[in-house]
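Colleague: Got a minute to go through the labels on this one with me? I'd like to hear the reasoning behind each.

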Amino acid sequence: MKFIKIGKLVNTHGLDGLLLMQVTTESPEVLEEMQYMMLSKEGKVKASLEVEYMKDYKGMLLVGFKGVEDIDSALKYKGMDVVLPEEMLPELDDEIYWHELEGCTVLDTDGNTVGTLIDYMEAGAAEVFRIQGDGETYLISNNKDHVTEINVKEKKLVINREGLISENV
């Protein structure tokens with residue numbers, strides 16, 4: 001079974017065992033009816049906890065779990081990823097989930113290999129893709145002038161080299 005990261009428990013909040021969750025999914029509606037959260041560390045599921053409390057809090061979620069009643073018991077979950085089985089993600093119409101792109105081969109418009117897509121970052125109105133090349137990491141804005149093709153089935157991204165910037169600048 002493949003698990004997809006939908007959030008991260010980034011910190012504790014207060015002394016009563018609450019945790020702050022950074023939501024990393026483009027489909028936050030999957031959290032609305034969630035009764036249990038699966039938590040993973042280093043790609044392995046470590047816990048499944050019953051959700052007692054969930055509320056928006058300063059751009060994140062404040063989450064309380066059954067049996068996690070003080071800061072000491074909450075600390076052991078700090079830094080864990082919140083994951084969901086892939087088949088539980090809602091279908092998207094004209095959008096793509098990040099996990100479908102991660103690891104794509106990145107080619108330039110001439111068909112030369114640039115590297116592998118390793119990460120993305122939100123940068124205001126646009127996303128910026130991180131590409132690992134031979135000994136160097138590059139950045140490129142995800143817009144129609146820089147990214148000319150996204151092919152999920154072939155796990156391939158075609159870019160215009162003019163938009164490529166070295167991350168080491």
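Modeller: Sure, and keep in mind that this is a predicted model. Start with pairing: two strands count as a pair if DSSP finds at least two bridges between them.

Colleague: What makes β9 and β10 a pair, then?

Modeller: Five bridges join β9 (residues 126–132) to β10 (residues 137–141), and the cut-off is at least two, so they pair. The two strands run antiparallel. One bridge partnership there is Val128 with Ser141 of β10.

Colleague: And what sits between those strands in the hairpin?

Modeller: Four residues separate β9 from β10, and in this hairpin Gly135 has a positive phi near 75 degrees.

Colleague: How do you know that β1 pairs with β2?

Modeller: Same test: at least two bridges are needed, and β1 and β2 (residues 18–23) have six, in the antiparallel sense. Leu9 stands opposite Met21 in β2.

Colleague: Which strands make up the closed barrel, and in what order?

Modeller: Six strands, in the order β1-β2-β5-β4-β3-β6, with antiparallel pairing. From one strand to the next, the twist averages 50 degrees.

Colleague: Why is Met1 called exposed?

Modeller: Exposed means over 50% relative accessible area. Met1 has 73% relative accessibility, so it counts as exposed. Met1 lies in the segment before β1 (3–13).

Colleague: Which residues share a nonpolar surface patch with Met1?

Modeller: Phe3 and Val45; together with Met1 they have about 300 Å² of accessible area. For a patch, nonpolar side chains are joined within 5 Å, and each residue needs over 30% relative accessible area. Met1, at 73%, is past that figure.

Key. Residues numbered from 1 in each chain as written. Predicted model: local features only at pLDDT ≥ 70, side-chain atom pairs only at ≥ 80, totals over all residues. Heavy atoms only, no water. Patch = residues over 30% accessible without salt bridge, like charges linked within 9 Å, V, L, I, M, F, W, Y side chains within 5 Å. Areas by Shrake-Rupley, 256 points an atom, 1.4 Å probe, with all protein chains shown as cover. Salt bridge = Lys/Arg side-chain N within 4 Å of Asp/Glu carboxyl O. Buried < 20%, exposed > 50% of the residue type's maximum accessible area, 1.4 Å probe, protein only. Axes fitted to C-alpha atoms, helices over the stretch in contact; angles between N-to-C directions.
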